[in-house]
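Subject: Structure handover

Hello,

Here is the structure you asked to take over. Please open it beside this message while you read.

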Amino acid sequence: MTIGGSAWPAPTCGRSPGAVLATMVAVVLASVGPAGAMSVGLQQIAAVGSPSHITHAGDARLFVSTLDGRIMVGASETGASFTEFLNIDPLVSGGGERGLFATAFHPDYASNGFFFVSYTNNAGDSVVARYQVSGDVDEADPASGVVLLTIAQSQANHNGGQIAFGPDGYLYIGLGDGGGADDLPCHAQREDTLLGKLLRIDVDQNVGAPPYYGIPPDNPFLGGGGLADEVWATGLRNPWRFSFDRGTGALYIGDVGQNDIEEIDRQPAGSAGGENYGWKVMEGTTCFDPDPIDPDCPGTTPSCFDPALTLPVYEYSHSEGCSITGGFVYRGTGIPGLQGQYVFGDFCTGTIWAIEETAPGTWIRTDLVEAGFGLTSFGEGVDGELYAAVDFTNVVRLRSKLSRDQVRCLNEINKAGAAVVKEQGKSNLSCVKNAARGKVQKLGLPPQIQTAEACLTNDVGAKVDRRLAKLATKDDARCLGTSSQRPEFAYTTAAQVAAVAPPSARGVARALFGEDLDLAVVTQGADRNGAKCQAEVLKRANVLVDTLWKATLKGKKEALKGGRNENPPPVASAAALRSALLDYLETAGARRIDQASSKLVGGTLARCGEVVTPIGALFPGCDSVADPAAVADCAVAAARCQFCQSLEGFDELGLDCDSFDEGAVNASCEPAVCVEAGTGVNWSAAFVDCPRLSDYRLFASGDPTAALNLPGIPYDLTTPLFSDYAHKLRAVFLPPGGIATYDSDAAFDFPVGTVLTKTFQFLDDLRAPELGGEVVETRLLIRRPSGWVGRPFIWDGARTEALLTAGGGQRAVSWIDLAGTPRATTYEIPSTSECTICHGASAGDVPIGPKARLLNRDFAYAGGDENQLAHWSAAGILSGAPVPAAAPRLPVWDDPGDGSLDERARAYLESNCAHCHHPLGAARFSGLVLTAAEPLGPTVGVCKSSQAEPAANGGHEFDIVPGDPDASVLRFRMDSVALGIRMPELSKSVVHAEGVDLIHDWIASLSGSCD
């Protein structure tokens, strides 16, 4: 699989590969294809490290190959425990685009026990070998291996590696063009190499003696034609995954493109072989090299669009992805609407599609699901159901609907949450009515807070609390019994619903009466009609909210259940549920909603037509409206807005509430929890995306460089990530009662509701930090029930407010550096998707900094200097931490007295590079592991051939050449700001000269040779 010139399909850190699963069971809408609507979701089967291939052996078990040389076996059901079937790690060269690529079981495996593997050996060559099962059906005999083929590889990418038995019983072997860009040696078209070819061999010949295979008698080039006898087809760049349709016998090849085109080739059943699929003459249906013969390819090479070439049946451009992962024609029974369609995906975006030929040469594509970054392979079970290897650590199954228990959980949580909203609405109305009558004291509030405003925010009679208790009970009974009861989307927990529901209901009253109910409510003595007007409008608005919820609950039940005989199918994603609910509210539920809206309008006109108090003064939250009709419009918009926000807060469906509130100005409809008055941290806001940083109330004065609101605690790292010389202020906020769990290696496990903040400030003069400087952005990393989410907020020039800016931005900044030189640059502020690139891991975004080895240092707290680990433990926010002396620690990179040159350089590389360059990172394809604990050697880059594009490696061969930093790709890329070359790729517009000097000196100190 290829991105640019690199076959293992993973982008370097800083590119935007698309959506990363918050959890491995998240899904999105399946669009309607020609065979009818279908909803496809993902169900996690098991966590298996570095899965590269999935197959079966003629029974219900799944066999998962891993890049590090193992084959794991387990059941094809949720929560299966996979055990080791075979381990040939000592024979396999892993990392980057090398490793154990595929397993193929002999068609007669049940009787002979033979299976075949494809891997890269320690010399970097491609190997196909045969093994045999032992006396235990779940264990192979590692001593039984014999090698059938060894194919020399010129580079470490584009090795192909897929093997599979065809319907004819022969073994097919896919080989890429051997690596590098443009296939300069023209391997795919040359006759003197097996590279860039599809091979076909008979493994039932010469079973007991070398070469342990023979040539099928009908191979197209047998006995002549220039090509090797084994060759079945030519002209392939990197056929990472191919498969045979078990229904028709047709062969489908997902061939990875280079510059812009990813393609699917199809060889019909009954083909005599010999197809030339075009590379490097063609990339998809585009002419790639119009004159390939001079100087690279043999004179027999066809030219562009030559009829001798077999062009793809389907292709897509790099505007939609970057590396195709071929799949299977679906022949299972679990997703009826998918029957007969070819399922495939893209490694980078994680999108899974299906295509169907609706007429000869006409293919229609259907979007199925977003699997997440790292879609390395598909697999087929014995029953025809499809599986996928995703996110470098998970095996998932494509499925069509939620279970009955999951549907019940979703319905019950929403029903109980809607009851909380309704109860809070009744309480709000009681506050207004009693305030108008002058009887607020009869509500049971303490004497010092007997006000309408206090009534609104205090649960009089504990009625709302009782509803919340029922909500928690429903959650325990319907959702938390087993993991299988929790839905794969739209589930948030009772705690999140409880945090969102009451403020959302109060948001209706806030929208009408403003921020001070006591100032807004008129008494009956002052204006009887005005008091009735206020109560009537609020009452009718609450009825509209309740009606919307009733319609939504009914619509959700129908959407999750599906229609008779799966028509329409049940929804299986948040996006599909969102679409179904909005459609239901506009169609089947519209009549009741319209009736409630009409009653609100009619009641407003009837009650508010003749009032003494000016109508605008009765509803100050509506911006001094002039007449009852405008009041009615305002109330309808407020009701729809707050309903939508409570639903979104419950299920996180991605609703556009600004559109749903019917005509309100853009960005006027925002979560009520964001604007509700209060002091201290707004913990409810942690569950939603507020438009302003101040809505979270994290900073005591609103200034991120000043005091934090309790229980916020500032912290710093021993060696932080460099970001264009920005000064960074970090803080951690744990929710009340929340405690983080210590981990000696990974980031600490923080409770749901945790907020980590990082503020970027460009100091006016780096020599005098006390003078301060311009604050540019504050990033929040928030732990929600669905996982960590990153949100960037950009500050205005006056430092009065920072606004959520999902798309990122730029800011011109300047400073005086340590040498007294004025500097300036355009600083890049990342988007939310770019946050995912560096924070992405096996289970959604995760923190990078708060690890023991980076926190194990003193910090200047208000009470004096203290070790941060000790301070966190004493503050009660960290459990399980040892004394600091027993915890790991990385040194300060620029303090020669804090560690050796090697220790400081390795610490710098970990903080600046390892978040991408690690076994699960976005740049794992590079083969580099730059954590400080990684043993010094090829995985750190020493004498390792660079996987970068030629333009990005500066003409250098190795990532690190001991003793020669100027010949090392690592130093070259650190010393550049050019796009496509610079490292890190994200938010870097200037070179960190001091950091480059450190790595330069470190490489110069290394001994050894790459000769």
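Below are the notes on a sheet and on two single residues.

This is a predicted model, in which local features need pLDDT of at least 70, side-chain atom pairs count only at pLDDT 80 or more, and totals for chains, interfaces and linings use all residues. Residues are numbered from 1 along each chain as its sequence is written, and side-chain values use heavy atoms, with hydrogens and water left out.

The sheet: four strands, in the order β20-β21-β22-β23, make an open sheet with antiparallel pairing. Strands (E, at least two residues) and helices (H or I, at least four) are DSSP runs, numbered from the N terminus; two strands pair if DSSP finds at least two bridges between them. The edges are β20 (324-329) and β23 (362-370); each has a single partner strand, so one side of each is left without a neighbour in the sheet. Inside the sheet, four bridges join β21 (residues 342-346) to β22 (residues 351-359) in the antiparallel sense. V343 has A354 of β22 as its bridge partner.

R408: this residue lies in helix α2 (residues 404-437). R408 is partly exposed, at 30% relative accessible area; buried means under 20%, exposed over 50%, and partly exposed in between (1.4 Å probe, protein chains only). R408 and K557 are 149 residues apart in sequence, with their C-alpha atoms 8.8 Å apart in space.

S946: this residue sits in the loop between α17 (901-913) and α18 (969-974). S946 counts as buried, because its relative accessibility is 15%. Leaving out residues up to four places away in sequence, S946 touches N953, E957, F958, D959 and V969, where contact means heavy atoms within 4.5 Å.

Regards
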